[in-house]
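Trainee: Could you walk me through this structure, one feature at a time?
Mentor: Gladly, let us look at it together.

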Amino acid sequence: MYKIVIADDHGLYRRGLRLALSAGIEDAEILEATCFDAVVSLLAEQECVNLAMLDLNMPGLFTQDVLGDVLVAYPNTRFAIVSGNDSRSEILTALNVGLHGYIVKSQSDEEVVLAVKEILSGRIYVPALLSRPGSHQQPIDVRYGGSNAGGGSLERLTPRQKDVLRLMAEGYSNKEIARDLDIAEATTKIHVAAIMRELGVRNRTEAAVLIKTWLGSV
């Protein structure tokens, strides 16, 4: 059974997409979200979400960096954009972040179901737009996801990320950090992922040396 999250603030489209996927994908469990916070909560609460389909225009903080952080925090979930914007630049930006597909809302139900099946099977899906003549003129430059331990900058962390970093240095768990800062545990997980990405480290152990260095200089 596949577990799929549909995240869109337009109820009519959300329900239509749910019907199409339920009819086209056997034994699919469909969950719905209307904003960024709801998506993060579902990802944190559900044991395993196979695919999250996100509308960039719904309420929330869906910037390129935030999407990258979500990818790091939930490596076993595949993510796709569902958008009314079919511009090549938007599609390439989504791929550049590391997303697993880009679906245009004007596509037919059959095309959307096929796209979802492609993504669930482990492939990257892009609409036919990218195969049109001239698409090669804008190459895909994938920068996200590399490992460069210690290559990040502590100065580029946000104030909230620095708060999280201090508590990480004290050995706090995500749940304890969330309680201390009065934020959701799922939000804490996103902040931790962002810190790891910025510092260029793979785990808290690698981050510890950099954290101690930073704390000694402030």
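**Strands, helices and pairs**

Mentor: Val5 has Ala52 as its bridge partner in S3. On its other pairing, Val5 stands opposite Leu31 in S2. This is a predicted model, where local features need pLDDT of at least 70, side-chain atom pairs count only at pLDDT 80 or more, and totals for chains, interfaces and linings use all residues. Residues are numbered from 1 along each chain as its sequence is written, and side-chain values use heavy atoms, with hydrogens and water left out.

Trainee: What do labels such as S3 stand for, and what counts as pairing?

Mentor: Helices (H or I, at least four residues) and strands (E, at least two) are DSSP runs, numbered from the N terminus. Two strands pair if DSSP finds at least two bridges between them. In general, strands of a sheet pair through backbone hydrogen bonds, either parallel or antiparallel. Here, strand S1 (residues 3-7) runs parallel to strand S2 (residues 29-33), with five bridges joining them. S1 is also parallel to strand S3 (residues 51-54), through four bridges.

Trainee: In what order do the strands of the sheet come?

Mentor: The order is S2-S1-S3-S4-S5, an open sheet of five strands with parallel pairing. S2 and strand S5 (101-104) are the edge strands, each pairing on one side only. On average, neighbouring strands of this sheet are turned by 20° against each other, direction ignored.

Trainee: Which handedness does the unit of S1, H1 and S2 have?

Mentor: A crossover is right-handed if, with the strands pointing away from the viewer, the path from the first strand over the helix to the second runs clockwise. S1, helix H1 (residues 11-24) and S2 form a right-handed β-α-β unit. H1 lies across S1, S2, S3 and strand S4 (78-83), and runs at about 170° to S2.

Trainee: How many salt bridges are there?

Mentor: The general idea is that side chains of opposite charge can pair when their charged atoms come close. A salt bridge is a side-chain nitrogen of Lys or Arg within 4 Å of a carboxyl oxygen of Asp or Glu. The whole structure has six of them. One of them joins Arg14 and Glu32, whose closest N and O atoms are 2.6 Å apart. This pair links distant parts of the chain, with Arg14 in helix H1 and Glu32 in strand S2, 18 residues apart.

Trainee: What is the angle between H6 and H8?

Mentor: Two packed helices are described by the angle between their axes and the distance between the axes. Axes are lines fitted to C-alpha atoms, for helices over the stretch in contact, and angles run from 0 to 180 degrees between N-to-C directions. Helix H6 (residues 159-169) and helix H8 (residues 185-199) pack at about 90°, with axes 10 Å apart. H6 and H8 are therefore roughly perpendicular (angles under 35 degrees count as roughly parallel, over 145 as roughly antiparallel, 65 to 115 as roughly perpendicular and the rest as oblique). Contact means heavy atoms within 4.5 Å; Val164 and Leu165 are among the H6 residues that meet H8, where Val192 and Ile195 are among the partners.

Trainee: Where do Asp27 and Asp182 lie?

Mentor: Most residues other than glycine have a negative phi, and most peptide bonds are trans. Asp27, in the loop between H1 and S2, has a positive phi near 60°. Asp182, in the loop between H7 and H8, also has a positive phi, of about 60°.
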